[in-house]
Amino acid sequence: MNTLTFPVLRQLADGQFHSGETLATQFGVTRATIWNAVKHAESLGVEVFSVRGRGYKLPKPIAWLDQDMVLKTIGAEREWFHVEVLDEVASTNTYLMQAAAKGAPHVSCAVAHIQTGGRGRRGRTWVSHLGASLTFSLLWRFDCGAAALSGLSLAIGVALMRALNELEIKTAKLKWPNDVLVDGKKLAGILIDLQGDLDGPSAAVIGVGINIDLPKQVLEGIDQPAIDLQHASHLELNQSVLLGTVLKHLAEVLRNFEQHGFMGVRDEWLSHHAYHNQSVRMLMPDGRNVEGVVTGIAEDGILLVETALGLQRFSAGEISLRSIN
Ligand code: ATP
Ligand code: BTN
């Protein structure tokens, strides 16, 4: 952590050159201190052009997250939300799980400009980039126990689809259990961490990562086909509007989930499934592959697949779905 890195990046966010000397004067430090702050930004994956005689410059302007804009976009429901904008954090899920354990209120949201240890399911890595990704988590407290939350992560996928549709992104699909795809490439992921007793009360930290406009080399560095909103829609999307829209739909879907569980959105989920009635391969935790055709989804989010051995039921935990083209 370098406390000057983000203040310097905010100065550079206009995409113009700023000399080391001007920045040093602005912050009352030496040019070497500015240089260290820039080096730390680079260690976080931020590209900073440094040109002798002209100073530092970002490849393109950055739109910072704007809490007021997020709340305004949420609309009437905004009084429920506690939105915290973080500059740099390892993982918003880890951060919010710790805050939840210390009593953070229901509907707390932590959103980060940069995650240094973004997590996917099963210890995998989630890649993000300053100004080019949306990475946030939402804490939702339930009266019921964690045992009653099966299907929650699928329901969250429905909220993402509603938000994307509202923003005119119509080509997105869901992949069981909870990836968002466009043209078969991953646009967004969902990670849910749970806290509390099996029979209640419990709390879910719902983490969402959405690619907005990743630099080409970052997108190509991801170890499975990935896409961002820029390529999926060509619309200029403001991060704060995107976050506000997603939060609004999350709250709506979560309230519905409290009443009806996954059944409240099951048909809608199925209507978005990229592989409904298609041949798939299920990758099992013991290394086996099971092939079949997706025929439906049970009320608790279990995937139903017709296989050579008959109808089989797959629960998300340790299992991955791959399409067979
Ligand atoms: P499944 O959910 O079917 O088990 P998955 O491969 O999508 O499979 P997840 O744990 O859901 O696995 O997601 C983590 C994976 O997502 C990473 O291993 C990487 O392949 C991919 N990934 C990481 N960052 C990004 C990103 N920004 N955009 C798209 N995909 C990403
Ligand atoms: C996946 O596809 O496996 C889930 C990816 C979830 C990524 C988000 S980004 C915000 C939150 N913080 C994390 O560390 N992970 C989730």
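**Exercise 1. The shell around ligand 1**

Task: find which strand gives the most to the shell around ligand 1, and describe that shell.

Solution. Strand S14 (residues 320–323) gives the most, with 3 residues. Strands here are DSSP runs of E with at least two residues, helices are runs of H or I with at least four, and both are numbered from the N terminus. The model is predicted: local features need pLDDT of at least 70, side-chain atom pairs count only at pLDDT 80 or more, and totals for chains, interfaces and linings use all residues. Residues are numbered from 1 along each chain as its sequence is written, chains are lettered from A and ligands numbered from 1 in the order in which they are written, and side-chain values use heavy atoms, with hydrogens and water left out.

Next, list the neighbours. Ligand 1 has 17 residues around it, and Arg-124, Val-127, Lys-186, Asp-223 and Ser-320 come nearest. A residue is near a molecule if one of its heavy atoms lies within 4 Å of it.

Then sort them by class. The shell around ligand 1 holds 5 nonpolar, 4 polar and 8 charged residues. Ala, Val, Leu, Ile, Met, Phe, Trp, Tyr, Cys and Pro count as nonpolar; Asp, Glu, Lys and Arg as charged; the others, Gly among them, as polar.

**Exercise 2. Atom pairs and cover at ligand 1**

Task: state how far ligand 1 atoms are from N or O atoms in the side chains of Arg-124, Lys-175 and Asn-211, then give the buried share.

Solution. Start with oxygen. An oxygen atom of ligand 1 is 2.8 Å from a side-chain N or O atom of Arg-124. For Lys-175, the distance from a ligand 1 oxygen atom to a side-chain N or O atom is 2.9 Å. Now nitrogen: a nitrogen atom of ligand 1 is 2.8 Å from a side-chain N or O atom of Asn-211. Finally, area. Ligand 1 taken alone exposes 620 Å², and the protein buries 95% of that. Areas come from the Shrake-Rupley method with a 1.4 Å probe.

**Exercise 3. Ligand 2**

Task: describe the surroundings of ligand 2.

Solution. Count first. Ligand 2 is surrounded by 20 residues, the closest being Ser-91, Gln-115, Arg-119, Arg-121 and Lys-186. By class, 5 are nonpolar, 11 polar and 4 charged.

Now assign elements. Helix H5 (92–101) and strands S5 (133–142), S8 (185–196) and S9 (202–211) each supply at least two shell residues. S8 gives the most, with 4 residues.

Last, the atom pairs. Ligand 2 oxygen atoms lie 2.8 Å from a side-chain N or O atom of Ser-91 and 2.8 Å from one of Lys-186. A ligand 2 nitrogen atom is 3.2 Å from a side-chain N or O atom of Thr-92. Of the 410 Å² of accessible area that ligand 2 has on its own, the protein covers 97%.

**Exercise 4. Two unusual backbone spots**

Task: locate the cis peptide bond and the positive phi of Val-107.

Solution. Recall the background: most residues other than glycine have a negative phi, and most peptide bonds are trans. A cis peptide bond joins Trp-176 and Pro-177, with omega about 0 degrees. Pro-177 sits in the loop between strand S6 (172–175) and strand S7 (179–182). Val-107 has a phi near 65 degrees. Val-107 lies in the loop between H5 and strand S4 (108–115).

Note on methods: Polar contact = N/O pair within 3.5 Å; in protein donor to acceptor, adjacent residues only side chain to side chain.
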